[in-house]
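Reader: Hi! Could you take a close look at the sheet in this structure for me, along with what packs against it?

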Amino acid sequence: MTRYTYGNPDSNRVLIQMVDDHDLSVIEDEVNYIRQEVGDDFYLLALKVEDWNHDLSPWQAPAAFGNEVFDGGASETLQGVLDVIQEIEPNGMTSDRQYFMGGYSLAGLFALWAGYQTEIFSGIAAASPSIWFPGFVDYMKSNSLNSNRVYLSLGDREERTRNQMMATVGDCIREAETIITSTGIPCILEWNQGNHFKDPDIRTGKAFAWVLKED
């Protein structure tokens with residue numbers, strides 16, 4: 001995975017975000033938003049994935065539109081993330097650094113899923129996550145989340161779509177918030193104006209800022 005870094009590399013608060021070319025084109029705005037909200041004490045690692053539907057999907061699923069099926073390569077991607085963390089840790093995995101996983105759309109779903117796989121992420125920042133992904137809410141019901149706090153968001157027009165799979169996103173994210181809060185883990189669900197494509201940089205910045213403020 002190609003790595004892009006922002007902020008203070010010596011910070012004890014490390015943000016990890018899976019990105020594509022579009023994310024990278026607006027990520028400076030995201031970073032500036034986080035700075036405005038919480039200051040300069042963070043280090044953002046943006047890790048670029050090449051095949052969004054393969055690299056970030058937790059298991060195989062049919063295409064949401066077109067012929068782009070989901071191949072279920074998230075486990076391999078998560079191992080790559082953990083390898084990056086191991087590489088940048090000056091004192092190994094026993095350091096006092098805190099790691100926060102976040103992302104937008106399918107990367108937001110990946111971040112939330114990663115919180116169920118490992119205890120290393122103190123907070124999850126899932127901005128407009130693709131939580132309509134088949135079987136994911138059921139997975140949440142039968143597995144334990146390892147993170148200390150979770151931010152969820154959605155655009156108020158995202159569930160207004162003709163795509164039957166994606167139209168479930170509103171009900172799914174409401175249920176996800178209920179599942180998480182019922183376990184006692186601090187969780188917020190924030191509604192943003194617009195559809196899925198409006199201000200992804202600011203929405204992601206808001207997500208990361210919230211989990212950092214809750215620290």
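Author: Happy to! Two strands count as paired here if DSSP finds at least two bridges between them. In general, the strands of a sheet pair through backbone hydrogen bonds, either parallel or antiparallel. Please keep in mind that this is a predicted model.

With that in hand, the sheet is an open one of seven strands, and its pairing is mixed. Reading across, the order is β1-β3-β2-β6-β7-β8-β9. At the edges sit β1 (residues 2-7) and β9 (residues 187-192), each of which pairs on one side only. On average, neighbouring strands of this sheet are turned by 15 degrees against each other, with direction ignored.

Let's pause at the β9 edge. Strand β8, residues 149-155, pairs with β9 in the parallel sense, over six bridges. Within that pairing, Gly155 of β8 stands opposite Asn192 in β9.

Now for the helices. Helix α4 (residues 106-117) packs on the sheet and touches β2, β6, β7 and β8. The direction of α4 makes about 145 degrees with that of β6. Helix α3 (residues 74-88) lies across β1, β2, β3, β6 and β7, and α3 runs at about 145 degrees to β2. For orientation, β2 spans 13-19, β3 spans 43-48, β6 spans 98-104 and β7 spans 121-127.

These two helices also meet each other. The axes of α3 and α4 are 11 Å apart, and the helices pack at an angle of about 75 degrees. Angles of 65 to 115 degrees count as roughly perpendicular, so that is how α3 and α4 are placed relative to each other. On the α3 side, the contact is made by Ala74, Ser75, Thr77 and Leu78; α4 contributes Phe110, Trp113, Ala114 and Gln117. By class, the residues of this contact are five nonpolar and three polar, with no charged ones.

One more spot may interest you, and β2 leads us there. A search of the whole structure finds one cavity of 30 Å³ or more, with a volume of about 40 Å³. Its lining includes Gln17, a residue in the 13-19 range of β2. The other lining residues are Asp23, Val26, Ile27, Glu30, Pro200, Asp201 and Thr204. Helices α1 (21-38) and α7 (200-213) each supply at least two residues of that lining, and the largest share, four residues, comes from α1. Sorted by class, the lining has three nonpolar, two polar and three charged residues, whereas the contact of α3 with α4 has no charged residues.

Technical notes:
Residues numbered from 1 in each chain as written. Predicted model: local features only at pLDDT ≥ 70, side-chain atom pairs only at ≥ 80, totals over all residues. Heavy atoms only, no water. Axes fitted to C-alpha atoms, helices over the stretch in contact; angles between N-to-C directions. Contact = heavy atoms within 4.5 Å. Parallel < 35°, antiparallel > 145°, perpendicular 65-115°, else oblique. Nonpolar A, V, L, I, M, F, W, Y, C, P; charged D, E, K, R; others polar. 1 Å grid on protein atoms, 1.4 Å probe; cavity = no way out; pocket = protein on both sides within 12 Å on 5 of 7 lines; lining within 4 Å. Points joined across faces, edges and corners; volume = space filled by probe spheres on them.
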